[in-house]
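User: I am new to reading protein models, and I would like to learn how to describe a feature with care. Could you take me through one, step by step?

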Amino acid sequence: MVKTESEELLENLRLEHRDLDEVVDLLIGTSPHDTGKIQRFKKRKLQIRDQIERLERQLQST
């Protein structure tokens, strides 16, 4: 089965979201915490999650 461009993008976004989750966990486990950096990564994770949800809805409607 050949993946569409949207399906490939969705897969890449899920991977990036997982990677950011790991980075945030690592940063939280270090001392001292870089709170600003952690917040930026969390904000990016939320943006990616929103993109994933939009793409999933788009793919389900086709």
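**Reading a helix pair**

Analyst: Let us begin with one residue in this predicted model: Lys45 lies in helix α2, which covers residues 35–61.

User: Is Lys45 buried or exposed?

Analyst: The general idea is to compare the relative accessible area with a cut-off, and buried means under 20%. Lys45 has a relative accessibility of 16%, and therefore it counts as buried.

User: Which residues is Lys45 in contact with, once its neighbours within four places in sequence are left aside?

Analyst: Those residues are His17, Leu20, Asp21 and Val24. With Asp21 there is also a polar contact, in which the side chains of Lys45 and Asp21 come to 2.7 Å.

User: What does the other helix, α1, look like, and which of its residues are buried?

Analyst: For the length of a helix, one can compare the distance between its end C-alpha atoms with an expected value. Helix α1 has 24 residues and reaches 34 Å from its first C-alpha to its last, which is close to the 34 Å expected at 1.5 Å a residue. Its buried residues are Leu10, Leu13, Leu20, Val24 and Leu27, and what covers them includes α2. Two of these names, Leu20 and Val24, appeared above among the contacts of Lys45.

User: How many salt bridges are there, and where should I look for them?

Analyst: A salt bridge is read from the distance between a side-chain nitrogen of Lys or Arg and a carboxyl oxygen of Asp or Glu, with a cut-off of 4 Å. By this rule the count comes to five. One of them joins Arg14 and Glu56, whose closest N and O atoms are 2.5 Å apart. This pair links distant parts of the chain, since Arg14 belongs to helix α1 (residues 5–28) and Glu56 to helix α2, 42 residues apart. As for accessibility, Arg14 counts as partly exposed at 37%, and Glu56 is partly exposed as well, with a relative accessible area of 28%.

User: Which residue forms a salt bridge with Arg44, and what does the pair tie together?

Analyst: Arg44 forms a salt bridge with Glu16, and the closest N and O atoms are 3.5 Å apart. Arg44 lies in helix α2 and Glu16 in helix α1, so the pair ties together parts that are 28 residues apart in sequence. Arg44 is partly exposed, with a relative accessible area of 30%, and for Glu16 the value is 30%, which is also partly exposed.

User: Which residues are joined into one network by salt bridges that share partners?

Analyst: Start with Arg49 and Asp50, whose side chains meet in a salt bridge at 3.8 Å, N to O. Shared partners then join Arg49, Asp50 and Glu53 into one network of salt bridges.

User: What should I look at in the loop between α1 and α2?

Analyst: Look at the peptide bonds, keeping in mind that most peptide bonds are trans. In this model the bond from Ser31 to Pro32 is cis, with omega near -5 degrees, and Pro32 has its place in that loop. Thr30 lies in the loop between α1 and α2 too, and at 37% relative accessibility it counts as partly exposed. A polar atom of the Thr30 side chain lies 2.7 Å from the backbone oxygen of Leu27. Finally, the C-alpha atoms of Thr30 and Leu55 are separated by 34 Å, while the two residues are 25 residues apart along the chain.

Note on methods
Residues numbered from 1 in each chain as written. Predicted model: local features only at pLDDT ≥ 70, side-chain atom pairs only at ≥ 80, totals over all residues. Heavy atoms only, no water. Helix = DSSP H or I, 4+ residues; strand = E, 2+ residues; numbered from the N terminus. Buried < 20%, exposed > 50% of the residue type's maximum accessible area, 1.4 Å probe, protein only. Polar contact = N/O pair within 3.5 Å; in protein donor to acceptor, adjacent residues only side chain to side chain. Contact = heavy atoms within 4.5 Å. Expected span 1.5 Å × (residues − 1).
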